[in-house]
There are 2 protein chains.
Amino acid sequence: MQVYHLYSGGKDSSLSAWILTRLGYEVKLVTVSFGLLDSWKHAKETAERLGFEHQVLYLSREILEKAADMCIEDGHPNRAIQFIHERALEEVAKIASRISDGTRRDDRVPFLDLPKARSLEDRFNVAYIRPLLGLGYRTIRELTERLFIIEIRESEELEKSDYEVELRHLLRERGIDPLTIFPRSHYQSRVLGWKEKVF
Amino acid sequence: MQVYHLYSGGKDSSLSAWILTRLGYEVKLVTVSFGLLDSWKHAKETAERLGFEHQVLYLSREILEKAADMCIEDGHPNRAIQFIHERALEEVAKIASRISDGTRRDDRVPFLDLPKARSLEDRFNVAYIRPLLGLGYRTIRELTERLFIIEIRESEELEKSDYEVELRHLLRERGIDPLTIFPRSHYQSRVLGWKEKVF
């Protein structure tokens, strides 16, 4: 029972990967890249520390360009992040029969509502699994605190592998200050390894 | 990490209970009764076969009476089942700091939308966990088929412990044929035990 799990190296996608293994799945971690930066390396490093298989999935540069257009049109990144995530899920769905991500019950973006989730499953004939969907923030905090060594840093640009890094980079290339689009985030967290590996 | 899990003895609530144990929780199964029938015994029997602790939670007869009124008013049981489930969650939330149920992503009733789920957590200061929420029907089928020995019978009244049994009974007591309210279900499934206990 193999599942391809969209992985950023963060707490949520790491916790989801652990849950999948606990349910008996063989988990392959997949980090999206548009080939602009090698920011996927941070996710790969975390994946290796946690003992998961990892691969990079390259998406078309056009997707990122379109997402940058959306950011500029909207003045905030929500529609762009949602757009990239949907394309990422579709690309993973082409190579797998079970796909997964770390989206949460309380997330607004990226998030697939029920019709979108079912449409993804039907169009690509896959099972779409979201291990964190039924968990609230307390449960997620309780589990991540038990499982992972986490580093919290006050920094604008931590070593991250999410869509935002390349999107910010492309905006900068177009002469746009990403701080006019993305809310300023003061604290970033990073998974350093297992605290208590419960396998 | 103790969690009180609303349990009917069916496939969904059994699978949820298993997932909770896989996440490291100490699971207490709770079956609701209104004291009209001893239909909770079927859930207790399944809980024992699966090796879980089990207890009965008695809810006020008034709740069932009000639910029967709703059935008669509406001509179908959806609002009544939703009403009972919300009251059941609230009662469990009074005795626990983590509560859970087996509701699914694709369920319409009973189901707590996000504002209702958050309201439950806030009003009772609990974590509300729904292990099946992020899983589609394929994933649920794949896991239940791997884990459980399931009996499928062609029968109107199987040994069940869900809210419906006592609700139908009360309707009959009021001289109303439950078949005018509840859709006829031809096949019922029952969890008989572990096929492959993956603990």
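**Two chains and one helix: a chat**

User: Hi! How many residues does each chain put into the contact?

Analyst: Chain A gives 21 residues and chain B gives 21 residues, where two residues are in contact if their C-beta atoms, placed from the backbone, lie within 7 Å. This is a predicted model, in which local features need pLDDT of at least 70, side-chain atom pairs count only at pLDDT 80 or more, and totals for chains, interfaces and linings use all residues. Residues are numbered from 1 along each chain as its sequence is written, with chains lettered from A and ligands numbered from 1 in the order in which they are written.

User: OK, and what does the predictor say about the complex?

Analyst: The predictor gives an ipTM of 0.94 and a pTM of 0.95.

User: New topic: which residues of α3(A) are buried?

Analyst: A:Leu64, A:Ala67, A:Ala68, A:Met70 and A:Cys71 are buried in α3(A). Buried means that 20 or more other C-beta atoms lie within 10 Å of the residue's own, exposed means 12 or fewer, and partly exposed is in between, with C-beta atoms placed from the backbone. Helices (H or I, at least four residues) and strands (E, at least two) are DSSP runs, numbered from the N terminus.

User: What covers those buried residues?

Analyst: The cover includes α4 (78-95) and α7 (163-173) of chain A.

User: And which exposed residues sit on the face turned away?

Analyst: That face of α3(A) carries A:Glu62 and A:Glu73.

User: What happens just after α3(A)?

Analyst: There, A:Gly75 takes a positive phi of about 75°.
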